[in-house]
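Let's take a walk through this one together, starting with a strand and ending at a ligand. Keep the 3D view open as you read.

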Amino acid sequence: MEKYRVGVIGGTGMVGQRFITLLTQHPWFDLTVIAASCRSAGKTYEEAVRAHWALDTPLPEQVKNMRVLNADTDVARIAQQVDFIFSAVDMKKEEIQALEEAYARHECPVISNNSAHRWTPDVPMIVPEINPEHLHVIEAQRKRLGIQRGFIAVKSNCSLQSYVPALHPLRDFGLERILVCTYQAISGAGKTFDTWPEMVDNMIPYIGGEEEKSEQEPLKLWGHVENGVIVNACAPSITAQCLRVPVTNGHMAAVFAGFTRKPPVEEIKARWAEYKGRAQELNLPSAPKQFLHYFEQEDRPQTRLDRELEGGMAVSIGRLRPDVQYDYKFVCLSHNTLRGAAGGAVLLAELLCAEGYITRR
Ligand SMILES: NC(=O)c1ccc[n+]([C@@H]2O[C@H](COP(=O)([O-])OP(=O)(O)OC[C@H]3O[C@@H](n4cnc5c(N)ncnc54)[C@H](OP(=O)(O)O)[C@@H]3O)[C@@H](O)[C@H]2O)c1
């Protein structure tokens, strides 16, 4: 199979490094361009990341000598050289919006890890197992931008990729009220214990903007397409508290759920065990075989033991039990830089290729 040529803008950052690592071993994608800020442009990738390579795995040999391009000033050149790009730049929201739109206008599809375009009504925000039908808005987006091949598609915030997958198969029980507390790893802030020593033996009860995202983004994921835009769902009502915890990778969530028709425990577990999404139906290379794993042991899931499940792409659930105020409570875990960031975006790109939204030039 001829591979798709792929670029990563923001390829030197924490999420970018995950993208590079995943793409160097990908069966469909060939990493041909890495771009970042003017601080890295012109250097080899190894020179650009040497001081801040953050992964446990070594820097892949085949990217060491790739010359980093400038994501801002080389737009036309990069768009020419690839079939699509992943975006993992960290800039001001308006700058990211403008930059991603510039690539789309150069007829280069953009799969973004950033939040900048998540609320643009004709930009689909996709978890492939949950709302693949939202891809239909791409046609309307192309019309608005006056382009044929380019578009922007985004993935949702990492915090909710642990609990929304667990709630999704239960929606038809009349999912009404959700209370969720998330316990989020420091890599979610682009940090390690070396770069954020204040986090050792510490918790910080504030992550800017995260609670709003955790409460509102699920309603876009559960929305429907109408007249070329996504109309948000009205329910459930969600309240969230998000805490930063001294963990390298893996976001945990403690969830309380109330239904209009309370299902039996065994029915919930059966729904989780049986759930398959479009990613599993299409057998996409990065799709976990089993999306939702339920653990019967009462001390699971655990971050260190379970975050890497199915390549960090599966969601772990445990401790399902009745609650005195809500109907049920349980915990969930997902890997924030794999399922929650680069891995989720790679899976989205696979879906876009499989469904014909991205083609080779
Ligand atoms: N970390 C996570 O788990 C996570 C999860 C979901 C979403 N996100 C989002 O993903 C994005 C990247 O996060 P991160 O943690 O990887 O950040 P990061 O480690 O700070 O990396 C930022 C990247 O953006 C590049 N960059 C910064 N300013 C730029 C500019 N003016 N023009 C072009 N490139 C520029 C940097 O290039 P240089 O190296 O050259 O400076 C670097 O490649 C952020 O928007 C973040 O909110 C992160």
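Two strands count as paired if DSSP finds at least two bridges between them. Helices (H or I, at least four residues) and strands (E, at least two) are DSSP runs, numbered from the N terminus. What you're looking at is a predicted model, where local features need pLDDT of at least 70, side-chain atom pairs count only at pLDDT 80 or more, and totals for chains, interfaces and linings use all residues. Residues are numbered from 1 along each chain as its sequence is written.

Find strand E14, residues 328-334. On one hand, strand E13 (residues 315-322) is joined to E14 by five bridges, and the two run antiparallel. Here Gly 318 sits opposite Val 331 of E14, and a hairpin of five residues links E13 to E14. E14 also runs antiparallel to strand E11 (residues 251-259), with seven bridges joining them. One of the pairings puts Ala 253 with Cys 332 in E14.

Is E14 enclosed or open? Five of its seven residues are buried (20 or more other C-beta atoms within 10 Å of their own, with C-beta atoms placed from the backbone), so E14 is largely enclosed by the rest of the structure.

Now for the ligand. It is surrounded by 27 residues (each with its C-beta atom, placed from the backbone, within 6 Å of it), and the closest are Gly 13, Ala 36, Ser 37, Ser 40 and Gly 190. Helix H1 (14-23) and helix H12 (338-354) are the elements giving two or more residues to this shell, and H1 gives the most, with three. Both domain 1 (4-157 + 342-354) and domain 2 (160-335) contribute, so the ligand lies between them; the domain bounds come from an automatic or database domain assignment.

Conventions
Buried ≥ 20, exposed ≤ 12 C-beta atoms within 10 Å, placed from the backbone.
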